[in-house]
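Here are my notes on the model, point by point. Please read them with the structure open.

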Amino acid sequence: MHPSHVDTTQLPDAGGHFGRYGGRFVAETLMYPLEELRVAYERYLKDPTFLAELEADLRDYVGRPSPLYHAERWSRELGGARIFLKREDLNHTGAHKVNNTVGQALLAQRMGKTRIIAETGAGQHGVATATVAARLGLTCVVYMGEVDMARQEANVYRMRLLGAEVVAVKSGSRTLKDALNEALRDWVTNVDDTFYIIGTVAGPHPYPALVRDFQTVIGREARAQLLERTGRLPDALVACVGGGSNAIGLFYPFLDDAEVAIYGIEAAGDGLATGRHAAPLCAGTPGVLHGNRTYLMEDRDGQIIPTHSISAGLDYPGVGPEHAWLKDSGRARYEAITDAEAVAAFHALTRIEGIIPALESSHALAFAAKLAPTMPKDQSILVNLSGRGDKDMHTVASREGIRL
Amino acid sequence: MMGRITQRFEALKGQSKTALIPFITAGDPRPPVTVPLMHAMVAAGVDLIELGVPFSDPMADGPVIQRSSERALEHRVSLLDVLGMVREFRAQDARTPVVLMGYLNPIEVMGYDRFAAQAGDAGVDGVLVVDAPPEESHELVGILRAAGLDLIYLLAPTSTEERIAKVAEVASGFVYYVSIKGVTGSGHLDVDQVVAKLKPIRRMIRLPVGVGFGIRDAASAARIARVADAVIVGSATVRRMEDLADMPQRIPDTVCDFLSGLRAAIDAAGDP
């Protein structure tokens, strides 16, 4: 497949629906700007000049293709299937998020928008957005929950260094979901000159499809790399799921390969039974939030309930609608990993392979470590190592009673 | 059968009057405040009441209405509780239309059929679901209409003629024109822009048109009253309630003083 090819499929439908999920559940003021965005996105993703520019940026600025790494020593210790890591942690800014922000920023430029806004949880998407805005000379405002700002001070400083204005969100639970609400409120107020770069495959149509299409470069590269290395497709894919953009990016090019098992890993926090988690697919129910119908963490009255995960990037009460559809259709399976299991995997990869993973990605690694011993040695597991763990030093240290 | 909303607008039209519609959040600042306040507002001359259903993530609302939702949710006010308040109000007032305004998720979770049946039974006349545009409300509008309820749609400065036509196909009761690009309670009201946008809306939609967002005092209410069928006042009402959150017994008088002032200004604006 040509690297600049961007996938299109039968889903979503014209209204942005993946089965009963997805859609465009927003106030009237945003309906037209969303339609304007859809038209631009469909046009430019078929435009050879746009695609060439995107490809050059991904190569020269992001550092793509990212390597595929065989974690040989870790695989041997686990004693089962071979584990391959897609090294999105090696991208510029340290995570897969930049694949999407590079693409959306190019779209913003084409649409003549001069002001960029974004929401962020852990700060990775905010940093990736501030980065591309700096490069293109666009004004950038990032909304971040007050609670998350305290947890991720270093990323707040990075965004400010890059010239972004970071706005503390003090409403609701003061975390990612509230940052998203606030970004939507900004957009509704400044629709004429502002482009909203959503960081995940959630939100109203066309965002789930648009973000997916910018992230599928992960799966396309990994598929070709693994085929070249092993001569066959992986037996299983594993990726963590918060909103679900790194996971869709990996899964999407394999959806038609029925022999490839697909596992999305949510955050079980203190354990699904405790209620203190962020696992809407494993333990939630369908509803409507942030412009789309999907699985949510909600109470019996339809109010969104607080979530918990050690990983700020997974600490979100919803999930991309395509994941909801993949769950119901049975094509992908969704499991959950606790904070403790994720931290154990964080240490294991660090000590055994010399790679410090993000806590988000550590959820996928922890599941792969459970799965590998159940599979024969001639099989392989492809794990998306979606980000690096530098940002999580303080979180891990303080959990272990260490002051940095 | 003609619904209470349509009856009310017909009656006002006969008197060449513009409707005054206040918005309050049900259960704000405490649940016992709501029903007596509704009766007091009727006595102060309002024509229809918009009752907000509290939601944890009110993404189209500004800070004032967000905080009112948070205050109500501290008392765990649910959609069922709100329906109970309407039922209580209806026991003493069979004439004033009540429209619930909120977000889709609480209705999704209750189930459209169950909600429509219970809302109709409680005496609700219409429902405005902020995040349910025509494209996403085919099923809901059918079920509500079968239960005798109007689904009130929004139109905005960004609505194209194509979108106005879409709303014209499905709307009943009245339509709600959002006068500014922004969230509730924000921005600067530009009456000339409102007038310009109302032209295609009037041409394409036969229903009464209410205008809301950004009306905060008697002067802005009077200017809007000259061009709209209803003046809708949300944040300015709710802000007065917030100021008295610790003295809720004073809320009805304060809110009604404010609304009486608007009523007088609106009626004076209509005089030749």
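1. Which residue lies over the face of Tyr61(A)? Arg135(A) does, at 4.5 Å from the ring centre. A charge sits over a ring if NZ of Lys or CZ of Arg is within 6 Å of the ring centre and within 35 degrees of the ring normal. Chain B offers another case: the charged end of Arg240(B) sits over the ring of Phe258(B), 3.8 Å from its centre.

2. A word on the basis. This is a predicted model, where local features need pLDDT of at least 70 and side-chain atom pairs count only at pLDDT 80 or more, while totals for chains, interfaces and linings use all residues. Residues are numbered from 1 along each chain as its sequence is written, chains are lettered from A and ligands numbered from 1 in the order in which they are written, and side-chain values use heavy atoms, with hydrogens and water left out.

3. Chain B overall. Chain B has 12 helices and nine strands. Helices (H or I, at least four residues) and strands (E, at least two) are DSSP runs, numbered from the N terminus. The C-alpha atoms of chain B fill a box of roughly 45 × 40 × 35 Å along the principal axes. The radius of gyration of chain B is 17 Å, which agrees with the value near 19 Å for a compact globule of 272 residues. That radius is taken over C-alpha atoms, and the globule rule is 2.2 Å times the number of residues to the power 0.38. Of the 272 residues in chain B, 62% are buried. Buried means under 20% relative accessible area, exposed over 50%, partly exposed in between (1.4 Å probe, protein chains only).

4. Aromatic pairs. The whole structure holds nine over all chains. In Tyr263(A) and Phe367(A), the ring centres are 5.0 Å apart and the planes are at 45°, so the pair is tilted. Tyr263(A) belongs to strand S10 (residues 261-269) of chain A and Phe367(A) to helix H15 (residues 359-371) of chain A, so the pair ties together parts 104 residues apart in sequence. Tyr263(A) is buried at 12% relative accessible area. Phe367(A) is buried too, at 10%. Phe55(B) and Tyr103(B) form a stacked pair, 5.5 Å centre to centre with 25° between the planes. This pair links parts of chain B that are 48 residues apart: Phe55(B) is in the loop between strand S2 (49-52) and helix H3 (63-74), and Tyr103(B) in the loop between strand S3 (98-102) and helix H5 (104-110). Both Phe55(B) and Tyr103(B) are buried. Ring pairs also link Trp187(A), Tyr196(A) and Tyr207(A) into a cluster. Cut-offs: rings of Phe, Tyr and Trp (its six-membered ring) pair if their centres lie within 6.5 Å; planes under 30 degrees apart count as stacked, over 60 as edge-to-face and the rest as tilted.

5. Salt bridges. There are 43 over all chains. The term means a side-chain nitrogen of Lys or Arg within 4 Å of a carboxyl oxygen of Asp or Glu. Asp192(A) bridges to Lys181(B), with the closest N and O atoms 2.9 Å apart. Asp192(A) lies in the loop between helix H8 (176-189) and strand S8 (194-196) of chain A, and Lys181(B) in the loop between strand S7 (175-178) and helix H9 (191-204) of chain B, so the pair joins two chains. Asp192(A) is exposed at 56% relative accessibility. Lys181(B) is partly exposed at 28%.

6. Within chain A, Arg212(A) and Glu322(A) meet in a salt bridge (3.2 Å, N to O). Arg212(A) lies in helix H9 (residues 207-215) of chain A and Glu322(A) in helix H13 of chain A, so the pair ties together parts 110 residues apart in sequence. Arg212(A) is buried at 2% relative accessibility, and Glu322(A) is buried at 5%. Salt bridges that share partners join Arg24(A), Glu35(A), Arg38(A) and Glu42(A) into one network.

7. Within that network, what is the N to O distance between Arg38(A) and Glu42(A)? Their salt bridge spans 2.8 Å. Arg38(A) and Glu42(A) are four residues apart in helix H1 (residues 28-44) of chain A, so about one helical turn separates them. Arg38(A) is buried at 17% relative accessibility, whereas Glu42(A) is partly exposed at 35%.
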